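Subject: The structure I promised you

Hi,

Here is the structure we talked about, so open it up and keep it beside this email. My notes on what turned up come right after it.

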Amino acid sequence: MKLASLKEGRDGRLLLVSRDLSRSAPAAAARTLQAALDDWDSVLPALRAEWEALESGATAGAPFDPAACASPLPRAYQWADGSAYVNHVELVRRARGVEMPPSFWTDPLMYQGGSDGFLGPRDPIPLGDEAWGCDFEGEICVITGDVPYGATRGQAASSIRLLMLTNDVSLRNVIPGELAKGFGFFHGKPASAFSPVCVTPDEAGAGWDGAKLSGALHCTLNGIAFGKPDAGTDMTFDFPTLIAHAARTRALGAGTIVGSGTVSNKQGSLHGSTVANGGLGYACIAELRMYETIETGAPLTPFMRHGDTIRIEMLDAAGRSLFGAIDQKVAPP
């Protein structure tokens, strides 16, 4: 089942979307995705029946327009982003000449992001100053139901309701100064954008194993293939681990979004790691700049500027877009 939110009010209007993303229809079982998540077990049977009617053609629906959509949850009670691909963290620290503590391989990193308003999948990325170092970050996310305080891994796994993608926008030149204060991100992590649709895990087929999603995450910067790392490879901490970590000292409410952090695969040298040179490339600019710094002494690739575009997408086993594409342009606010 695929779901989206039409831009309407603060919380959108829940849409059912056909598997091929060609048609949509308003849901009757719940007006918003948050309302559906709040009462998931009761709403799900009716919601699925409505979606199956759309998929079969019994409900005609209307053409699906991703540009008319907000993120599936236009705002959320909780947005907790992990850093599950420790290879990415290791590269960042290596480029800075800093050793990575061994605990990073056993204890997940996570930050609490702003969730009072997200960008739509086709909305511009507002950038007040190009000197801030605007970067995209391609990630996988899950949306949970209620998660109890101190949840076990099994409870965390059973709480996963939906999957989607995110562009977790980062202002790379702002972040170091904030982290130096010892109090975490704020200005360096502006509003994120999410894929046009979120999907129930069964839509991912064999790609979803109950804990992680496998498949290439295609990132296209200014129309040129920038990365296609596999989201199921080199994921040190899977989603049940991340969710249980987030719930260690608090319960999580239905509609909590948990992100994987930048999808990152271990690769060889800079020359062989880019897509142009036959590698898997990257799901953020910072990672390429890390390779450049390590191997040439300085970063060469610039961060995003006004007018630059980024597209993030994953295909299913049949070659169709699984979540639709995040497709954004950087623009002055």
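Before anything else, one term: a residue counts as buried when its relative accessible area is under 20%, and as exposed when that area is over 50%. Keep in mind too that this is a predicted model.

With that cut-off in hand, look at strand 15, residues 217–221. Its side chains alternate: L217, C219 and L221 point to one face and are buried, while H218 and T220 point to the other face and are not.

Which strands does strand 15 pair with? On one hand there is strand 18 (residues 309–314), which runs antiparallel to strand 15 and is joined to it by five bridges. You can pick out some partners by eye: L217 stands opposite M314, and H218 stands opposite E313. On the other hand there is strand 16 (residues 224–227), also antiparallel to strand 15, with three bridges between them. Here C219 has G227 as its bridge partner. Strands 15 and 16 make a hairpin with two residues between the strands, and N222 in this hairpin takes a positive phi near 50 degrees.

If you're new to sheets, strands pair through backbone hydrogen bonds, either parallel or antiparallel. Zooming out, strand 15 belongs to an open sheet of five strands in the order 8-19-18-15-16, with mixed pairing. Strand 8 (125–126) and strand 16 are the edge strands, since each pairs on one side only.

Now the whole protein. There are eight helices and 19 strands. Its radius of gyration is 19 Å, close to the 20 Å that the globule rule gives for 333 residues, so the protein is as compact as a globular protein of that length. The C-alpha atoms fill a box of roughly 60 × 45 × 35 Å along the principal axes. Of the 333 residues, 54% count as buried. Among contacts with a separation of 6 or more, 71% are between residues 24 or more positions apart.

Next, the inside. The largest nonpolar core has 96 residues, and I257 and F323 have the most contacts inside it. Beyond its sequence neighbours up to four places away, I257 touches a long list of residues, including L73, W79, F118, V142, M164 and F194.

Helix 6 (residues 239–246) is worth a look as well. How many of its eight residues are buried? Six are, so the helix is largely enclosed by the rest of the structure. The buried ones are F239, P240, L242, I243, A244 and A246. What covers them includes strand 6 (79–82), strand 10 (138–144), helix 4 (153–158) and strand 17 (257–259).

A couple of single residues, for practice. H88 sits in helix 3 (residues 86–95). Is H88 buried or exposed? Its relative accessibility is 7%, which is under the cut-off of 20%, so H88 counts as buried. Setting aside neighbours within four places in sequence, H88 is in contact with T262, S264, C284, E287 and M290. Then try A53 in helix 2 (residues 40–56). Leaving out residues up to four places away, A53 touches A58 and T59. From A53 to S18 is 35 residues in sequence, and 9.7 Å in space from C-alpha to C-alpha.

Last, the rings. There are seven aromatic pairs in total. One of them is Y111 with F185, an edge-to-face pair at 5.0 Å centre to centre, with 75 degrees between the planes. This pair links distant parts of the chain: Y111 is in strand 7, F185 is in the loop between helix 5 (175–180) and strand 13 (193–194), and the two are 74 residues apart. Y111 counts as buried because its relative accessibility is 15%, whereas F185 is partly exposed at 29%. The charged end of K189 also sits over the ring of F185, 5.4 Å from its centre. Similarly, the charged end of R289 sits over the ring of F303, 4.1 Å from the ring centre. Finally, ring pairs link F136, F226, Y282 and Y291 into a cluster.

Have fun exploring!

Conventions:
Residues numbered from 1 in each chain as written. Predicted model: local features only at pLDDT ≥ 70, side-chain atom pairs only at ≥ 80, totals over all residues. Heavy atoms only, no water. Helix = DSSP H or I, 4+ residues; strand = E, 2+ residues; numbered from the N terminus. Buried < 20%, exposed > 50% of the residue type's maximum accessible area, 1.4 Å probe, protein only. Contact = heavy atoms within 4.5 Å. Pairing = 2+ DSSP bridges. Core = buried A, V, L, I, M, F, W, Y, C linked by side-chain atoms within 4.5 Å. Phe/Tyr/Trp six-rings, centres within 6.5 Å; stacked < 30°, edge-to-face > 60°. Lys NZ or Arg CZ within 6 Å of the ring centre and 35° of its normal. Rg over C-alpha atoms; globule rule 2.2 N^0.38 Å.
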